[in-house]
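Trainee: I want to learn how to read burial, contacts and surface patches. Can we work through a case?

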Amino acid sequence: VQPTLAVATVTMVQVTRFLTTVALLIMVTVVAGAAGSAGSMVVPSGAVMIVVAILVAVAGVLVAIPPVRGWASRRVMPVLRQIWPRVLWVVGNPGRLAAGVLGNVIQTVGYVAAFGMTLAAFGYELPVATLTIAYLASASAGSLVPSPAGIGPVEVALTSGLTIAGIPSPVAVSVTLVFRVLTLYARIPLGWLSLRYLQSRNVL
């Protein structure tokens, strides 16, 4: 794969994933608020507001730090100049753009389901809307901090989101660690083995 195409592909994946996550977060928050006001679902509005406030605060703090802003500009601008022609090409093909967005939505729904199942394995559960908001807000906040695969910030954000939603802290930590092991750390050796296999077959 040519470097320019590789950079463009990975960047598009990350950008669409972040935008999809934020859009789903807003949508679920609005739907949950409407459902709660109608009495059909009890969602802790205080917890929702705190999680969303954390997301906004993290973004604001990062933008306000000059070194972080400069680092982001140095990293982002060269990439944008490389991928802009590719972006225009994708936008000009609505079918391809829709496929990418749909793929991100399916992946996000899968992560939320895995998060809920991990929580259930520890004997706890949350309303679907609360669980979704806790995951989406925490994942978005964690992804704003520059670290490989969000290691560190995402764990802290997910643990905080569960704690705010009413899960005991020791359980929240355990759920977060097991979830991240299953959905991230355990996939790294599998990805390496897959890469080696594809290279041995001269596919990559």
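Mentor: Start with contacts. Leaving out residues up to four places away in sequence, T118 touches V175, V178 and F179. Keep in mind that this is a predicted model.

Trainee: Where is T118 found?

Mentor: T118 is in helix α4, which covers residues 94-121.

Trainee: Is T118 buried or exposed?

Mentor: Use the cut-off: buried means under 20% relative accessible area. T118 has 7%, so T118 is buried.

Trainee: Now T183. Which helix is the place of T183?

Mentor: Helix α7, residues 169-185. Apply the cut-off again: T183 is buried because its relative accessible area is 12%.

Trainee: Which residues does T183 touch, not counting those up to four places away in sequence?

Mentor: Y111 and A114.

Trainee: What lies 2.7 Å from a polar atom of the T183 side chain?

Mentor: The backbone oxygen of F179. F179 is also one of the residues that T118 touches.

Trainee: On to the surface. Which residues make the nonpolar patch?

Mentor: F122, Y124, V178 and L182 make it, and its area is about 340 Å². V178 is also among the contacts of T118.

Trainee: Where does Y124 sit?

Mentor: Y124 is in the loop between α4 and α5, the latter being residues 128-143.

Trainee: Why is Y124 called partly exposed?

Mentor: Partly exposed lies between the 20% and 50% cut-offs. Y124 has a relative accessible area of 31%, so Y124 is partly exposed.

Notes
Residues numbered from 1 in each chain as written. Predicted model: local features only at pLDDT ≥ 70, side-chain atom pairs only at ≥ 80, totals over all residues. Heavy atoms only, no water. Helix = DSSP H or I, 4+ residues; strand = E, 2+ residues; numbered from the N terminus. Buried < 20%, exposed > 50% of the residue type's maximum accessible area, 1.4 Å probe, protein only. Contact = heavy atoms within 4.5 Å. Polar contact = N/O pair within 3.5 Å; in protein donor to acceptor, adjacent residues only side chain to side chain. Patch = residues over 30% accessible without salt bridge, like charges linked within 9 Å, V, L, I, M, F, W, Y side chains within 5 Å. Areas by Shrake-Rupley, 256 points an atom, 1.4 Å probe, with all protein chains shown as cover. Salt bridge = Lys/Arg side-chain N within 4 Å of Asp/Glu carboxyl O.
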